[in-house]
There are 2 protein chains.
Amino acid sequence: MSTADDILDLAQDYIQTRGYNGFSYKDIAAKLGIKTSSIHYHFAKKSDLGCAVIRRYITDFERHVRQAEEKEQQGPEAAWQALDQYLGPFIETAHTGTKICLCMALGGEIMSLPSEIRAEVGAFFSFNEEWLSQILHKGKESGAFQLNDHPEHKARIFFSTLEGALLITRAKQDEKYFKRIIHSLKQDLAP
Amino acid sequence: MSTADDILDLAQDYIQTRGYNGFSYKDIAAKLGIKTSSIHYHFAKKSDLGCAVIRRYITDFERHVRQAEEKEQQGPEAAWQALDQYLGPFIETAHTGTKICLCMALGGEIMSLPSEIRAEVGAFFSFNEEWLSQILHKGKESGAFQLNDHPEHKARIFFSTLEGALLITRAKQDEKYFKRIIHSLKQDLAP
DNA sequence: GTCTATACAAAGATAGAC
DNA sequence: GTCTATCTTTGTATAGAC
């Protein structure tokens, strides 16, 4: 792992815990045992670092979701497996007890962020909704899911709930809270 | 309106738009045409200001919700009226296009906040869940609502969705998004 | 690629005059 | 209650040596 990767890892960790405006180059430098000027060598400005973090996050997330699509061939169990694959990172995040979704953290301070980062946050949210919408639609066709609303609407509700629950779970320091939400969300889709 | 109130108003506005770590005494002083030392006279430390803002916010919110309880006497329409009264501030916030719920904004940076503020954020979330849980329970009894889950679980889902949707709506700059979520949430409760 | 040195502005805060 | 003045620390960033 290169220094640049170490910096990205730490920056992402800081954003997910303290927010973009809640950490500095000094924090990262101290943890890595280097000087802030070394970080500026890899990422000239803080906004460059922020952009790099969110782009990597989205790329990794989309790769993860594409693996879910591979599982989701046809048949009822496949749709549920794809949904579980999708939910994995959210459950892991909740499990930390200290982090929320990176884009949720950035979304909370979005009016103070450079426009490049704003755009990425919006794109992440749209991607999730569209992907969920598709899988809900397919799951409905295959009989895996039963929906009381249009797939697009259901997808938005589902995603808003997931993200909101992550933040609230952390504030309450109660991982069980999140698990119950996941359970209710899945139950709501069951035929 | 006193200067202290003006400071509180501006601080709240800044937190809801830019986050707690996204504004400074200088920002507020500039807007009010005073010096930062004058703000320190009213609120010695930034954390004092933060605490005052969230405490006022919660007090005002609880007063608003208590008015909803008065509407919620008995009968099916009453439960729906109480719910609409409750939803008012969320809809107003979404309408600004720039703000999210104060506690959501603080919740996003909670790991960087003083413990007094952390505790208030958690209390706000718990209050909302408990209030919603009660009204869902009563509405179910009166036949106003039909629930496919326990009132406590439904309340948590409902609240998580509401808060998550506020943040996502702002990031996407699409108020219609929030209105559709509200519509779906209400439809889901209808018998 | 990392360091030292440095600049320069911003942030949080205090002391004391008016 | 607000001001001026001051202080300290932090944050972001650059120049140039190693």
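Which element gives the most to the surface near DNA strand C? Here are a few points to go with the predicted model.

1. The answer is α3(A), which gives the most to that surface, with 4 residues. It has company: α3 (36-42) of chain A, α2 (25-32) of chain B and α3 (36-42) of chain B each supply at least two residues of the surface near DNA strand C. If you want to find your way around, start with those helices.

2. In all, 15 residues sit around DNA strand C, and the ones that come nearest are A:Thr3, A:Lys35, A:Ser38, A:His42 and B:Lys46. On the DNA side, sugar and phosphate make up 68% of the strand C atoms that come within 4 Å of the protein.

3. Have a look at the phosphate oxygens next. One lies 2.8 Å from a side-chain N or O atom of A:Thr3. From chain B, the side chain of B:Ser24 has an N or O atom 3.2 Å from a phosphate oxygen of strand C. With B:Lys46 the partner is a polar backbone atom, 2.9 Å from a phosphate oxygen of strand C.

4. What is the make-up of the surface near DNA strand C, in nonpolar, polar and charged residues? The split is 3 nonpolar, 8 polar and 4 charged.

5. Finally, the two protein chains. Chain B superposes on chain A by a rotation of 180° with 0.0 Å of shift along the axis, at an RMSD of 0.0 Å. That is how a two-fold axis relates two copies. Both copies use the same surface, too: 100% of the contact residues of chain B recur in chain A.

Methods: Residues numbered from 1 in each chain as written. Chains lettered and ligands numbered in written order. Predicted model: local features only at pLDDT ≥ 70, side-chain atom pairs only at ≥ 80, totals over all residues. Heavy atoms only, no water. Near = heavy atom within 4 Å. Polar contact = N/O pair within 3.5 Å; in protein donor to acceptor, adjacent residues only side chain to side chain. Nonpolar A, V, L, I, M, F, W, Y, C, P; charged D, E, K, R; others polar. Least-squares fit on C-alpha atoms with pLDDT ≥ 70 in both. Contact = heavy atoms within 4.5 Å.
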